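Reader: Hello! I am in my first year and still learning to read protein structures. Could you pick a single part and take me through it slowly?

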Amino acid sequence: MEETQVCEKCKYWTETGGTDSGLVGECHRNAPQPALIDAASAANIRYAVWPVTGDRNWCGKYEERPMASKELLARVAMIEKLEAERKAKAKTG
């Protein structure tokens with residue numbers, strides 16, 4: 001497993017909160033799994049939950065998260081700025 005192939009960077013992972021030891025989220029790679037709440041009453045409550053993982057966990061089914069549009073535009077703007085600075089230096093130097 002590569003260091004970059006962790007839950008936090010996977011397209012199936014959704015952050016839900018954090019702890020002192022890192023972020024926590026849900027893995028949406030597979031369908032939610034059945035769970036039971038053992039209620040104090042005689043009735044059990046049934047529901048389904050997504051697996052909860054830490055941001056540095058991994059499972060081997062990693063798929064890279066596509067870059068968000070905002071992040072992509074910021075990177076393009078930075079590259080254009082650096083290129084303009086390089087051209088300006090070339091003209092004066």
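Author: Happy to! Please keep in mind that this is a predicted model. Let us begin with a pair of strands, E1 and E2, where E2 covers residues 22-27. These two strands run antiparallel, and six bridges join them. If you are new to this, strands of a sheet pair through backbone hydrogen bonds, either parallel or antiparallel.

You can find individual partners across the pair. Start at Glu15 and look over to E2: its bridge partner there is Gly25. Now move to Thr14, which stands opposite Glu26 in E2. Next, follow the chain from one strand into the other. E1 and E2 form a hairpin, with two residues between them.

E2 has another partner as well. It pairs with E5 in the antiparallel sense, this time over three bridges. To see a spot where they face each other, find Val24, which stands opposite Gly54 in E5.

Now put the pieces together. What is the order of the strands in this open sheet? It reads E1-E2-E5, so to speak from one side to the other, with antiparallel pairing among the three strands. The edge strands are E1, residues 13-19, and E5, residues 52-54, and each of them pairs on one side only. As you go from one strand to the next, the twist averages 35 degrees.

With the sheet in mind, step back to the whole protein chain. It has five strands and one helix. Reading from the N terminus, the elements come in the order β-β-β-β-β-α, with the helix at the end of the series. The radius of gyration of the chain is 22 Å, whereas the globule rule gives 12 Å for 93 residues; the value is well over the rule, so the chain is more spread out than a compact globule. Along its principal axes, the C-alpha trace spans about 80 × 25 × 25 Å.

A few further values add to this picture. Of the 93 residues, 10% count as buried. The chain exposes about 7,700 Å², and carbon and sulfur atoms supply 55% of that area. Finally, consider contacts between residues at least 6 apart in sequence: 50% of these join residues at least 24 apart.

Note on methods. Residues are numbered from 1 along each chain as its sequence is written. This is a predicted model: local features need pLDDT of at least 70, side-chain atom pairs count only at pLDDT 80 or more; totals for chains, interfaces and linings use all residues. Side-chain values use heavy atoms; hydrogens and water are left out. Two strands pair if DSSP finds at least two bridges between them. Helices (H or I, at least four residues) and strands (E, at least two) are DSSP runs, numbered from the N terminus. Axes are lines fitted to C-alpha atoms, for helices over the stretch in contact, and angles run from 0 to 180 degrees between N-to-C directions. The radius of gyration is taken over C-alpha atoms; the globule rule is 2.2 Å times the number of residues to the power 0.38. Buried means under 20% relative accessible area, exposed over 50%, partly exposed in between (1.4 Å probe, protein chains only). Contact means heavy atoms within 4.5 Å. Accessible areas come from the Shrake-Rupley method with a 1.4 Å probe; for residues, only the protein chains shown count as cover.
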